[in-house]
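Colleague: I am new to this structure and would like a close look at how its side chains pair by charge, followed by a look at the interior. Please take me through it slowly, one residue at a time where that helps.

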Amino acid sequence: AAPPLRLRLIELEAGHHVLSWVIHHILFDGWSVGVLQQELEAAYRGLEITVSPEQDSHSSVQAMTQPPRTLDRSLQYTDYACWQREAEQKARQEQELAYWKQELGGELPVLELATEYRRPKVPSSAGQSIQRELPAGLTEALRSWSREQEVTLPMTLLAAFNVLLYRYSGQEELLVGMPVAGRTRAEWERMIGFFVNTVVIRTTMEENPSFTDYVHQVKEKCLGAYAHQEVSFERVVE
């Protein structure tokens, strides 16, 4: 099995290096990238670099280390795992699970898009991704409109994405998975680990709502999901 963490320092030329790290997703999420970068910067700024010329015309770099300004590490990911196993947390998760049983109760529609491919009998993660960068003017207009409606930009984009799915499929009821950071407590914001969870946003196009009304429906569903995000998606599926 591949190791969960691999580091490599690549010297491109004298005084120019690239640090590459490969970390298994089970240990790391997107939020953790920023935390690690800040810690590396703090440690790097704790080095006093001196450069002295040598006879062979190359430079030798000596580092006079000072105590690195590391971030608070009084809490570790193991503390988070222990918290998840506590009886109080389990009771709370049972309450949150009741919300999801109600939210995802009844018959769940399966999205059927008109493509030339049949849905496989055994689902897989095989697929492709296409990235498109929105023009700056459009992005700012979307931000401005979202502020006027007192919704977040992701809520507006999710609503637009759902409208697109509705146009393609004709299905009024849609279920879309949305990733959430999972760091519901301030003390977890500076921790490195895998906190990401997936919540399901279930909305409907019944009665042909206006886009503004539909965005507010999405907002209500998102806020409910955020308030009950501590139950893992795997457990909700079970």
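Modeller: Let us begin with Arg-147, which counts as exposed, since its relative accessibility is 54% and the cut-off for that word is over 50%. Everything said here rests on a predicted model, and the values are computed from it. The side chain of Arg-147 meets that of Glu-140 in a salt bridge, with 3.3 Å from N to O. Glu-140 has a relative accessible area of 41%, so this residue is partly exposed. Side chains of opposite charge can pair when their charged atoms come close. By the rule used for such pairs, the count comes to 6 salt bridges, and two others deserve a closer look.

One of them joins the side chains of Asp-29 and Arg-183, at 3.0 Å from N to O. Asp-29 sits in the loop between β2 (16–23) and α1 (30–45), while Arg-183 sits in the loop between β5 (173–180) and β6 (197–204), so this salt bridge ties together parts that lie 154 residues apart in sequence. Both partners fall under the 20% cut-off for buried: Asp-29 has a relative accessibility of 2% and is therefore buried, and Arg-183, at 9%, counts as buried too.

The other salt bridge is formed by the side chains of Glu-173 and Arg-202, which meet at 2.6 Å from N to O. Because Glu-173 lies in strand β5 and Arg-202 in strand β6, the pair ties together parts that are 29 residues apart in sequence. Here the two ends fall into separate classes of accessibility, for Glu-173 counts as partly exposed at 29%, whereas Arg-202 counts as buried at 11%.

Strands β5 and β6 come up again when we turn to the interior. The largest nonpolar core has 23 residues, and those with the most contacts inside it are Trp-100, Leu-158, Met-178, Val-199, Ile-201, Val-218 and Cys-222. At least two residues of this core come from each of α3 (87–103), α5 (153–169), β5, β6 and α6 (211–227), and α6 gives the most, with 5 residues. Cys-222, named among the residues with the most contacts, has a relative accessibility of 0% and so counts as buried. Cys-82, by contrast, is partly exposed at 47%. A disulfide is a covalent bond between the sulfur atoms of two cysteines. By the rule applied here, the count of disulfides comes to 0.

The last thing to examine is empty space. Rolling a probe the size of a water molecule over the atoms shows where empty space is left. The structure holds 1 cavity of 30 Å³ or more, and the volume of the largest cavity is about 40 Å³. Its lining is made of Trp-100, Asn-197, Thr-198, Val-199, Val-200, Val-231, Ser-232, Phe-233 and Val-236. Two or more of these lining residues come from each of β6 and α7 (233–237), and β6 gives the most, with 4 residues. Sorted by class, the lining has 6 nonpolar and 3 polar residues, but no charged ones. Trp-100 and Val-199 link the two parts of this interior view: they are among the residues with the most contacts in the largest nonpolar core, and they also belong to the lining of the largest cavity.

Conventions: Residues are numbered from 1 along each chain as its sequence is written. This is a predicted model: local features need pLDDT of at least 70, side-chain atom pairs count only at pLDDT 80 or more; totals for chains, interfaces and linings use all residues. Side-chain values use heavy atoms; hydrogens and water are left out. A salt bridge is a side-chain nitrogen of Lys or Arg within 4 Å of a carboxyl oxygen of Asp or Glu. Buried means under 20% relative accessible area, exposed over 50%, partly exposed in between (1.4 Å probe, protein chains only). On a 1 Å grid over the protein atoms alone, a cavity is a set of points where a 1.4 Å probe fits but cannot get out, and a pocket is an open set with protein on both sides within 12 Å along at least five of seven lines; lining residues have an atom within 4 Å of a point. Grid points are joined across faces, edges and corners, and a volume is the space filled by probe spheres set on the points. Ala, Val, Leu, Ile, Met, Phe, Trp, Tyr, Cys and Pro count as nonpolar, Asp, Glu, Lys and Arg as charged, and the others, Gly among them, as polar. A disulfide is a pair of cysteine sulfur atoms within 2.5 Å. A nonpolar core is a set of buried Ala, Val, Leu, Ile, Met, Phe, Trp, Tyr and Cys residues joined through side-chain atoms within 4.5 Å.
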